[in-house]
Amino acid sequence: MTDQDLSTSFDGLRHFLQEITNAVQNLREALEANDMERLPTALDLTNAALDAINFYPGGAQKLKEDINQFPDDQKKILLGLLDEASLNHQINGDLIRLAMQRSVAMQSFIAQQAPSATYGSDGGVPGSVGGVLSKKA
């Protein structure tokens with residue numbers, strides 16, 4: 001079967017969209033579980049899946065046209081897979097932004113807890129030589 005046959009047959013297109021949906025869902029599950037070991041593989045699979053849409057013969061517009069060629073019941077299945085992948089992709093973006101914010105907050109918290117973030121026991125400012133802030137007289 002050629003690429004053209006896969007893209008124009010219902011089963012081929014359903015399989016193509018299911019693979020994309022699975023990859024994006026896998027990334028969502030890894031992000032939600034904060035599973036750092038699974039994350040690199042999930043990211044790679046999702047990137048490959050999104051690239052597959054970009055490199056679809058004829059592009060994303062042709063993908064939509066191919067989906068719309070089917071009867072309503074089949075079109076509903078295909079559009080459902082595409083919608084699921086799109087929703088999970090949006091959620092993944094939100095989860096990544098939240099993880100980045102959490103990381104920044106944790107770094108800030110850790111920096112504030114460090115001994116160098118407070119005044120010394122002698123009342124001096126850490127990092128200053130002899131507790132002097134300025135050498136100007």
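## Why we call it that: a chat about a helical chain

Modeller: Buried residues make up 22% of the 137 residues in the protein chain, where buried means under 20% relative accessible area, exposed means over 50%, and partly exposed is in between (1.4 Å probe, protein chains only). Keep in mind that this is a predicted model, where local features need pLDDT of at least 70, side-chain atom pairs count only at pLDDT 80 or more, and totals for chains, interfaces and linings use all residues. Residues are numbered from 1 along each chain as its sequence is written, and side-chain values use heavy atoms, with hydrogens and water left out.

Colleague: Okay, what makes the pattern of the protein chain α-α-α-α-α?

Modeller: There are five helices and zero strands in it. Helices (H or I, at least four residues) and strands (E, at least two) are DSSP runs, numbered from the N terminus.

Colleague: Why does Thr 21 count as buried?

Modeller: Thr 21 has 1% relative accessibility, and the cut-off is under 20%, so it counts as buried. Thr 21 sits in helix H2. Leaving aside its neighbours within four places in sequence, Thr 21 is in contact (heavy atoms within 4.5 Å) with Leu 81, Glu 84 and Ala 85.

Colleague: And why is Leu 50 called partly exposed?

Modeller: Its relative accessible area is 24%, which falls between the 20% and 50% limits, so partly exposed is the right label. Leu 50 lies in helix H3 (residues 39–54). From C-alpha to C-alpha, Leu 50 and Thr 21 are 9.9 Å apart in space, with their positions 29 residues apart in sequence.

Colleague: How do you know that the span of H5 is close to what is expected?

Modeller: The expected span is 1.5 Å times one less than the number of residues. H5 (residues 72–113) has 42 residues, so 62 Å is expected, and 60 Å from first C-alpha to last is close to that. Buried residues in H5 are Lys 75, Leu 78, Leu 81, Ala 85, Asn 88 and Asn 92. Their cover includes helix H2 (10–32) and helix H4 (59–68).

Colleague: What makes a set of residues a nonpolar core?

Modeller: They must be buried Ala, Val, Leu, Ile, Met, Phe, Trp, Tyr and Cys residues, joined through side-chain atoms within 4.5 Å. The largest one here has 14 residues, and those touching the most other members are Leu 13, Leu 17, Ile 20, Leu 63, Ile 67, Phe 70 and Leu 78. H2, H3, H4 and H5 each supply at least two residues of this core, and the largest share, five residues, comes from H2.
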